[in-house]
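Take a moment to turn the model around and look at it from a few sides. Then let us walk through it together, one region at a time.

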Amino acid sequence: MASMTNKKKTSFKRTEKYQRTGYKFIAPGLLMMVLLIIYPMLYGAYLSFYNTNLVNKWKFVGFKYYLEAFTKPEFYTSVLLTFWFMILVVAGHFVIGFLLASTLNKKFHGRTIFRVIFMLPWLFPETVIALLFTWIMNPMYGVLNSILKSLGIISSNVSWLGSAKFAFPAVVAVCIWKGYPLVMTMILSGLQSISHDLYEAAEIDGANKWQQFLHVTVPGLKPVMTTTLILDSVWWFKQYTLVYTMTGGGPGTATNLISLNIYGTAFNDLRFGKAAAWGIIVFVICYLISKLYRICLLYTSDAADDLI
C-alpha cells in the first residue's frame with residue numbers, strides 16, 4: 001500500500017511539473033494576446049460610455065452612442081452599404097475561386113506555374129494594389145480608359161473612382177481581384193483531400209457529373225467552405241485599406257463603409273467614444289455573421305441528409 005501511495009504521489013508531482021512547464025510555454029503568447037487583443041477591446045468598451053477626445057474631455061453618456069447607432073441613419077446606412085459590399089465581394093471570390101480551383105485540380109502541363117500566377121494578387125500588399133488600380137482607373141491617363149476607347153466601348157474618358165455611379169462597382173471589382181486567391185487555395189486543398197475512389201464508386205452507381213458534384217464534392221468541401229466563408233466574410237466586412245486608399249469613402253458616401261465611418265468619427269471628428277461604441281457593435285455583427293453561417297450550413301446539412 002505504501003509503495004502504491006508513493007507511486008501516485010510521484011505521478012502527481014510529475015504531471016504537475018509538466019503542467020507548469022506548459023503554462024510557461026504559453027505565457028508569452030497569452031501575454032501578447034492580452035496586450036494586443038483583450039486590453040484594447042476592454043478599453044474600447046470603456047470609452048464607448050464617454051464623450052471624450054482622450055485628452056481633457058471625459059463626459060459620461062452611458063448607452064447614448066449605442067442608441068444613436070440604431071436610431072440615426074448615419075450608422076445603419078453605412079452598415080447596410082458594408083453588407084452589400086461584403087456580399088458582392090465574397091460571392092465574387094467564391095465564383096472565381098471555385099472555377100479556378102476546379103481547373104487547377106486537373107492534371108495539365110504547367111499547372112504549378114498557373115497556381116503561382118493566380119496566387120499573386122493575394123501576395124501583394126493592399127496599399128500597393130489600391131495605388132496600382134487608382135493609376136489604372138485614372139480618368140486622364142489611366143490605361144483602362146485607353147483600352148475601352150480603343151475597343152469602342154466608351155467614347156470619352158470615365159472617372160471610375162470620382163463618379164458616384166462607378167466608384168462602388170470599381171472598388172468591389174478590385175477587392176474581388178485581390179481576395180479570390182485565398183478562396184481558390186482553400187477550395188483547391190479541399191478538392192485534393194477528396195478521394196478519387198468516391199467519384200469512381202458514384203460513377204459505378206450510375207451518378208452523372210452533376211450528381212457527383214452534389215453528393216461527393218459538396219459534402220467533401222463543406223468543412224473547408226464553412227471556415228473560408230466565415231473568414232472571408234468577416235475580413236471584407238471590416239475592410240478599410242483598399243477602399244480608403246482608392247476613394248477615401250467618396251465620392252459623397254458612395255463607398256463610405258462602416259470601417260471608414262468609424263475611422264473618420266474617431267480621428268477626424270475626435271469623437272472617440274462614439275467611434276468605440278460603433279466598433280463594439282461591428283464586433284458583435286461579425287460574431288453574429290459567423291454564428292449565422294454555422295446555423296445555416298448545419299440546417300442545410302440536415303436537410304440534405306433527409307433528402308438522401
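What follows is a tour of pockets, cores, cysteines and a few single residues.

Before we start, keep in mind that this is a predicted model.

Let us begin with open space. The largest pocket holds about 800 Å³. Its lining is made up of 25 residues, and I262, A275, A276, G279 and I280 are the closest to the pocket's centre. Which helices should you look for around the largest pocket? At least two lining residues come from each of α1 (2–47), α11 (258–268) and α12 (272–307). Helix α12 gives the largest share of that lining, with nine residues. Sorted by class, the lining of the largest pocket has 21 nonpolar residues, three polar ones and one charged one.

One of those helices, α11, deserves a second look. Eight of the eleven residues in α11 are buried, so this helix is mostly covered by the rule that buried means under 20% relative accessible area. Among the buried residues of α11 are I258, L260, I262 and A266, and also S259, N261 and T265. Just after α11, you can find L270, which takes a positive phi of about 60°.

Now compare the pocket with an enclosed space. How many cavities of 30 Å³ or more does the structure hold? There is one, and the largest cavity has about 30 Å³ of space. To find the largest cavity, pick out E68, A69, K72, E74, F75, K274 and W278, which line it. Helices α2, α3 and α12 each give at least two residues to this cavity's lining. By class, the lining of the largest cavity has four charged residues, three nonpolar ones and no polar ones.

Next, look at how side chains gather inside. In soluble globular proteins, nonpolar side chains tend to be buried together. Here, the largest nonpolar core has 41 residues, and the members touching the most others are F75, I187, F237, I258 and W278. Two or more residues of this core come from each of α2 (64–71), α3 (73–104), α7 (167–193), α8 (196–204), α9 (209–237), α11 and α12. The largest share of this core, ten residues, is supplied by α12. To see one member up close, choose I187: leaving out residues up to four places away in sequence, I187 touches F94, G97, F98, A101, L221 and V224. Apart from this core lies another one of 26 residues, and its members include L81, A130, V158 and V171.

The cysteines come next. A disulfide is a covalent bond between the sulfur atoms of two cysteines. How many disulfides are counted here? The count is zero. Why is C175 without one? The closest cysteine sulfur to that of C175 belongs to C286 and lies 15 Å away, which is too far for a bond. C175 is buried, with a relative accessible area of 0%. C286 is buried as well, with a relative accessible area of 10%.

Our last stop is L100, in helix α3. Is L100 buried or exposed? L100 counts as buried because its relative accessibility is 17%, and buried means under 20%. Leaving out residues up to four places away in sequence, L100 touches F118, Y180 and M184. You can also trace the chain between L100 and A69: these residues are 31 places apart along it, and their C-alpha atoms are separated by 41 Å.

Key
Residues numbered from 1 in each chain as written. Predicted model: local features only at pLDDT ≥ 70, side-chain atom pairs only at ≥ 80, totals over all residues. Heavy atoms only, no water. 1 Å grid on protein atoms, 1.4 Å probe; cavity = no way out; pocket = protein on both sides within 12 Å on 5 of 7 lines; lining within 4 Å. Points joined across faces, edges and corners; volume = space filled by probe spheres on them. Helix = DSSP H or I, 4+ residues; strand = E, 2+ residues; numbered from the N terminus. Nonpolar A, V, L, I, M, F, W, Y, C, P; charged D, E, K, R; others polar. Core = buried A, V, L, I, M, F, W, Y, C linked by side-chain atoms within 4.5 Å. Buried < 20%, exposed > 50% of the residue type's maximum accessible area, 1.4 Å probe, protein only. Contact = heavy atoms within 4.5 Å. Disulfide = S-S within 2.5 Å.
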